[in-house]
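Good morning, colleagues. I should like to use these few minutes to discuss one structure, with attention to its charged pairs, one of its helices and one of its sheets.

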Amino acid sequence: MPAPIPPDGPATSPRPVDEEFLHSVGKVLAVHLSYRSRAEQRGRIPEHPSYFLKATSSLSLSGTPVERPAGTELLAFEGEVALVIGTAARRVSVEDAWSCVGWVTASNDLGVYDMKYADKGSNVRSKSGDGFTPVGPRLVPAGAVDPSGLRVRTWVNGDLAQQDTTDGLVFDLPRIVADLSQLMTLHPGDVVLTGTPAGSSVVVPGDVVEVEVDAPGTGLSSGRLSTPVVQGEVPFQAFGNTPRVTDADRVDAWGSAEAAGVTPGMSRPVLAPELKAKLESVATATLSANLRKRGLNNVSIDGLRPTRSGTKVVGLARTLRYVPNREDLFKSHGGGYNTQKRAVDSVGEGEVLVMEARGEKGTGTVGDILALRAQVRGAAAIVTDGGVRDVSAVAGLEMPTFFANPHPAVLGRRHVPWDTDITIACGGTTVQPGDIIVADDDGILVVPPALAEELVEDCLAQEAQEEFVFEMVRRGHGVDGLYPMNEAWLQKYEQWRTERSDADPDEEPK
């Protein structure tokens, strides 16, 4: 395996990225979110860097076409500074980390958002396709450049789409290397993709994406990394995950609703009226029992009470997350038309706005004005594991709110509204956008949409049996052998069910 840094000392001149170099790469690591411009575009600034792995088979050279996989629409580019490790690094300090980097070059961290739903953060399906990590065309010696003075630019069909410098990083390059070295040994030849700035968007077959990393004022540059986009012809097979997109994915991939051509609230998952009616007709206790039969024991949102008793709620989840209040973050994210207000303003007809408040009871998470706005928007309910302000007024609305406790304090006492339409935790369970929320006086359940049809049919069958059992107990029968039913009682139940329409309701089953 060729070493990126010659054994006689640090590299002093650029070298080409070639097939030999690609074959020397041991692993490819990538940072999820690192540029402030991108973080602000996404509406969240992470406290620490987070990472994912890409397959080395995703590496390719400048000029190599990349396929947009058959059946997908959202192939997105991400121009990035790529670091090539020169000397082994394990638990190095931030001060020493840059000395472990041998080379700097350009990369394009391509990915298909159509497969992101199945990755759960790993990005294996969405970002490890063949050719999804082009690098090059030249390696710039790391020792010859300032890690805070690099510039990355991306062009699509000759038009500048991205431009930023490493001075705009939330996490500087040495910190990224040092942090990764806490987790694993970085070996010579390993490649670290350091995140993309704002401006990433979607490309289509026929487009050409170019990325360049340079150090302005030094004359050192990676050169332009060129990647033509072509259409793939081989479809995904049904034995694995197949492409699937929502409007939220389109907005993320294109960078904005306007660029994606999406009208907020226009094309969301829909709960079929027939399925909704069936779910409304079964008890939450029956749903809970049948979810348990499928191994789902942690699907109840616990510890909450409704503002309106006797109300059955069935709707698709929209999610909102609060993070603990930090004064500087509340100043930047808490005022004006913040995430909380945007979430309420975009909730759709029949949807349930579910809030993650970490079980914090020391302040309100919604009050009468926003609850009224959600009702006017057609929301089925609000669910929060935090407090509610103006509880009497909120209780007076037709739309129910499920909450932990009343509290008079405003949001900023304990919370910063942070992000929406992501996976959250509420009342001790996980809730994803599009999950089916079923709630009544007995409790709140989270039903995975993929199970709902099968689940509700089993619930209806169970409730029909329990109706029979209830009637038999009413007539004086003991529960031994009847609840649950043994074979003899099951036969009587089938007879009762078959003859029910014609039988005298008071007639004893034979």
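A salt bridge, as I use the term today, is a side-chain nitrogen of Lys or Arg within 4 Å of a carboxyl oxygen of Asp or Glu. By that criterion, a search of the whole structure, which is a predicted model, yields 20 salt bridges.

Let me begin with helix α14, residues 452-474. Its 23 residues, at 1.5 Å a residue, should span 33 Å, and the C-alpha atoms at its ends lie 32 Å apart, so the expected and computed spans agree. Which residues of α14 are buried? They are Ala 452, Leu 455, Val 456, Cys 459, Gln 462, Phe 468, Val 469, Glu 471 and Met 472. These buried residues pack against three helices, namely α8 (273-281), α9 (284-293) and α15 (487-499), and against strands β30 (436-440) and β31 (443-447). After the helix comes Gly 476, with a positive phi near 110 degrees.

Two of the salt bridges involve α14. In one, the side chain of Glu 457 meets that of Lys 278, with 2.5 Å from N to O. This pair connects distant parts of the chain, since Glu 457 belongs to α14 and Lys 278 to helix α8, 179 residues apart. Glu 457 counts as partly exposed because its relative accessibility is 36%; Lys 278, at 30%, is also partly exposed.

In the other, Asp 458 pairs with Arg 294, and the closest N and O atoms are 2.5 Å apart. Here α14 is linked to the loop between α9 and β18 (300-301), which holds Arg 294, and the two residues are 164 apart in the chain. Asp 458 is partly exposed at 34%, and Arg 294 is partly exposed at 25%.

A further salt bridge joins Asp 419 and Arg 321, at 3.0 Å from N to O. Asp 419 is in strand β27 (residues 415-420) and Arg 321 in strand β20 (residues 313-324), 98 residues apart. Is Asp 419 buried or exposed? With a relative accessible area of 7%, Asp 419 is buried, because the cut-off for burial is under 20%. Arg 321, at 22%, is partly exposed. Elsewhere, salt bridges with shared partners join Arg 38, Lys 54, Glu 78, Asp 109 and Lys 127 into one network.

I close with an open sheet of three strands, ordered β9-β6-β14, with antiparallel pairing. Strands β9 (111-112) and β14 (202-203) form the edges, each pairing on one side only. Strand β6 (residues 75-76) is joined to β14 by two bridges, and Leu 75 has Val 203 of β14 as its bridge partner.

How values were computed:
Residues are numbered from 1 along each chain as its sequence is written. This is a predicted model: local features need pLDDT of at least 70, side-chain atom pairs count only at pLDDT 80 or more; totals for chains, interfaces and linings use all residues. Side-chain values use heavy atoms; hydrogens and water are left out. Helices (H or I, at least four residues) and strands (E, at least two) are DSSP runs, numbered from the N terminus. The expected span of a helix is 1.5 Å times one less than its number of residues. Buried means under 20% relative accessible area, exposed over 50%, partly exposed in between (1.4 Å probe, protein chains only). Contact means heavy atoms within 4.5 Å. Two strands pair if DSSP finds at least two bridges between them.
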